[in-house]
Protein chains: 2
Amino acid sequence: MELSDRKKKILQIVVDDYIDTAVPVSSKAISEKYMQNVSSATIRAELSALEELGYLTQLHTSSGRVPSAEAYKLYVSDLMVKEHLSKKELDYIKEIFLQKADNIENVFKNAVKVISELSGYTSVAISPTAVEDKLKEIRFFRFREDKALVLIVTELKLLKDNYIDIPKEMTDAQLEEANAFINKLFKEKSFEEICDMEVDFNDSFSGYKTIFVNVIDALKAYFSAKEDSKLMIDGQDKILRHADYLDVDRIKEFLEVVTSKDKLLDILTEDNRALKINVKIGSDGYEKLPKDSSLVSATYTVAGKKIGTYGVIGPSRMDYQKVVAVLENVGRILESILADK
Amino acid sequence: MELSDRKKKILQIVVDDYIDTAVPVSSKAISEKYMQNVSSATIRAELSALEELGYLTQLHTSSGRVPSAEAYKLYVSDLMVKEHLSKKELDYIKEIFLQKADNIENVFKNAVKVISELSGYTSVAISPTAVEDKLKEIRFFRFREDKALVLIVTELKLLKDNYIDIPKEMTDAQLEEANAFINKLFKEKSFEEICDMEVDFNDSFSGYKTIFVNVIDALKAYFSAKEDSKLMIDGQDKILRHADYLDVDRIKEFLEVVTSKDKLLDILTEDNRALKINVKIGSDGYEKLPKDSSLVSATYTVAGKKIGTYGVIGPSRMDYQKVVAVLENVGRILESILADK
DNA sequence: ATTAGCACTCGGGTGCTTAGAGTGCTAACA
DNA sequence: TGTTAGCACTCTAAGCACCCGAGTGCTAAT
């Protein structure tokens, strides 16, 4: 059922005011502060209807109204007036991204930091799904007689170190040769292609096969790992600045989610539909989120490839205007930085 | 002034009991639970004296006694009965260190994780001061015409990626040559030695000098950086399991310190005397620590070289017996692992 | 030196009251 | 038919008086 214009306006007012003041919104407050042309009694009837429809709730009979999860979702998708960042804020974003933007790992870190700083909430991100990535170069460095460091460089310029065992009897020259061989073989290939590869080692030095298998294992570990480097968090302590987390139990619940990489990864990857801005609310089907907490996330792409999902996690009563503005702007700059790489 | 044996015993009882129960300790409780041979009145006199000496405080006239910072320090250095870890716990430590112990970064991570898990508190660590480290190998990988990835491998097997600019007109072969040249020059050298180095470039390709300068810059960035990789934290959320952090302000203060790498680094590096186990208490000269919080740390060495400072941060009312036992055992295993590398 | 006894203090919990905010409902009005 | 003023009702939060119990310090006796 479509809401009347006045209901929409009132709902917007309630959400705006509640986000701003954290105080349940009363009919009187609405008519005095925002709608002087109608009386509180009229607003009361409307509020009552909106409550009936599931958009508002009351803490107790004699309290004002508070938005429901449903209301927040509608607010972000429909009602909210989009905010523009100030020049100062935009400059700040640019300034941060200018520093050490040469390494994708740093770009990633910077993005999370900027989002957290500007929004004032805890921010999280997952890096691009490595599966779409392609190998650029593999290089071995022998350490001890039976160990080598494997450096993996990929198109996305992610890189990772890993160790493999090598046969003791292999000479440095042979290792070099194996390296060159594997490099030629794997270059420009994606992970799947490499896994499917069949190679005939019959006529070469037997150690090559060992190395080949070990390298594949290292690659598997790299590409499939739900690893630290894939998840980034910043501003965990920001949560405490917000009046919503007053009792220890809520903070506890929040920190448990935020410090658990597994949970966060699950939530962030969960049904990322094609929507540009995604809002998930703890009380609303997303049980892994802390109660009454929201996750606002956006997935960025360059030339059709996902380059990461970035988000903000905080109270449902969150400054969505600012958060969405920050996510959109950071996304724009991020995409432009990565596009011309 | 030296305390009488009975005073020591009573102080120990107070600290033990308070750590255990979190309830201010009364004279009656002491005489009934721990010292049936003396009456509560006697204990009362002793408690009064200990308070006079600065070891105990009262929250209000009719409450039991609580240990002061001074008392905790004395407790750890003198009074505490050292605990032994159970076989299960020791096995757990060994088990964790067996996984992926090939990379020093992982050993580092594992140590912090083990300490946090076993002690039940937030744990922090700083990696070895890189200054004492020596270069093992430097390798360039050209990316675009004017960029190269520099991989730095050091004796401590730390490694780090960095990008440098290279002159466009330089050919791949020339880059290779430059790489080999720099490698020979820097190998086995410490950071200071490299910085002091004077090289004559007059008779060689002009681009070499550019590269040389850029590499030095990259090394400087690597060796001197107060960087993420140097500081490690685990179990931030553990703090909430402890009854001491009941009000939001204390949690706030705690998290602010724990999420601020700068503050933590400062505290951890601050006057690390030769003591094996170091106790710093927030209310006692260490203003950077949260109020009524303690940091227990130990610095580990292999063959005279510092290999890191590990610690636990939590309430002053901390289970020092367990924490010290964990730190000592992890230290022992850590040193043995790194010794035979 | 130790102890029993007692007066004193303070915090925390309970029960009561009151003020105020907000609602829902109804009857009157445009 | 939608809007409004008025009123009764409900619930919360804050203040206050009260008491209980735990713990201490002090003193006088052993």
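**Asking why: a protein with two DNA strands**

Biologist: What does Ile93(A) touch, leaving out residues up to four places away in sequence?

Modeller: In this predicted model, Ile93(A) touches Leu85(A), Val114(A), Leu118(A), Asn329(A), Val330(A) and Ile333(A). Ile93(A) itself sits in helix H5 of chain A, residues 87–98.

Biologist: And what makes Ile93(A) a buried residue?

Modeller: The cut-off for buried is under 20% relative accessible area. Ile93(A) comes in at 0%, so it counts as buried.

Biologist: How far apart are Ile93(A) and Val330(A), in sequence and in space?

Modeller: They are 237 residues apart along the sequence, yet their C-alpha atoms are 7.1 Å apart. Looking at chain A as a whole, take the contacts between residues at least 6 apart in sequence: 61% of them join residues at least 24 apart.

Biologist: What else can you tell me about chain A, say its helices and strands?

Modeller: There are twelve helices and ten strands. Of its 341 residues, 53% count as buried. Its accessible surface is about 15900 Å², and carbon and sulfur atoms hold 49% of that.

Biologist: On to Arg65(A). Why is it called buried?

Modeller: Its relative accessible area is 11%. Buried means under 20%, so Arg65(A) qualifies. That value takes protein chains only as cover, and Arg65(A) is also among the residues closest to DNA strand C.

Biologist: How do you know that Arg65(A) and Glu51(A) make a polar contact?

Modeller: Their side chains come to 2.8 Å, and the limit for such a pair of N or O atoms is 3.5 Å. Arg65(A) lies in strand S2 of chain A, residues 65–67. Beyond four places in sequence, it touches Glu51(A) and others, including Val14(A), Pro24(A), Leu47(A) and Gln58(A).

Biologist: Which residues come closest to DNA strand C?

Modeller: 21 residues surround that strand, and the closest are Ser27(A), Arg65(A), Ser39(B), Thr42(B) and Thr61(B). Of the strand C atoms within 4 Å of the protein, 79% are sugar and phosphate.

Biologist: What makes Thr61(B) and DNA strand C a polar contact?

Modeller: A polar side-chain atom of Thr61(B) is 3.4 Å from a sugar or linking oxygen of strand C. The limit is 3.5 Å, so the pair passes. Ser39(B) passes too: a polar backbone atom there is 2.9 Å from a phosphate oxygen of strand C. Arg44(B) reaches a base instead, with a polar side-chain atom 3.3 Å from a base oxygen of strand C. The elements giving two or more residues to this surface are H3 of chain A and H3 of chain B.

Biologist: Which residues are closest to DNA strand D?

Modeller: Here 20 residues surround the strand, with Ser39(A), Thr42(A), Thr61(A), Ser27(B) and Arg65(B) closest. Sugar or phosphate makes up 76% of the strand D atoms within 4 Å of the protein, and bases the rest.

Biologist: How do you know that Ser27(B) makes a polar contact with strand D?

Modeller: A polar side-chain atom of Ser27(B) lies 2.6 Å from a phosphate oxygen of strand D, and the limit is 3.5 Å. Bases are reached as well: a side-chain N or O atom of Arg44(A) is 3.3 Å from a base oxygen of strand D, and a polar side-chain atom of Arg44(B) lies 3.1 Å from a base nitrogen.

Biologist: How many nonpolar, polar and charged residues make up the surface near strand D?

Modeller: Two nonpolar, 14 polar and four charged. Near strand C it's three nonpolar, 14 polar and four charged.

Biologist: Now the aromatics. How many aromatic pairs are there over all chains?

Modeller: Twelve. Take Tyr300(B) and Tyr310(B): the ring centres are 5.2 Å apart and the planes at 25°, so the pair is stacked. The cut-offs are 6.5 Å for the centres and under 30 degrees for stacking. Tyr300(B) belongs to strand S9 and Tyr310(B) to strand S10 of chain B, ten residues apart.

Biologist: Are those two tyrosines buried or exposed?

Modeller: Tyr300(B) has 1% relative accessibility, so it is buried. Tyr310(B), at 3%, is buried as well. In chain A, ring pairs also link Tyr72(A), Tyr75(A) and Tyr320(A) into a cluster.

Conventions:
Residues are numbered from 1 along each chain as its sequence is written. Chains are lettered from A and ligands numbered from 1 in the order in which they are written. This is a predicted model: local features need pLDDT of at least 70, side-chain atom pairs count only at pLDDT 80 or more; totals for chains, interfaces and linings use all residues. Side-chain values use heavy atoms; hydrogens and water are left out. A residue is near a molecule or strand if one of its heavy atoms lies within 4 Å of it. A polar contact is a pair of N or O atoms within 3.5 Å; within protein, one must be able to donate a hydrogen and the other to accept it, and residues adjacent in sequence count only if both atoms are side-chain atoms. Ala, Val, Leu, Ile, Met, Phe, Trp, Tyr, Cys and Pro count as nonpolar, Asp, Glu, Lys and Arg as charged, and the others, Gly among them, as polar. Helices (H or I, at least four residues) and strands (E, at least two) are DSSP runs, numbered from the N terminus. Buried means under 20% relative accessible area, exposed over 50%, partly exposed in between (1.4 Å probe, protein chains only). Contact means heavy atoms within 4.5 Å. Accessible areas come from the Shrake-Rupley method with a 1.4 Å probe; for residues, only the protein chains shown count as cover. Rings of Phe, Tyr and Trp (its six-membered ring) pair if their centres lie within 6.5 Å; planes under 30 degrees apart count as stacked, over 60 as edge-to-face and the rest as tilted.
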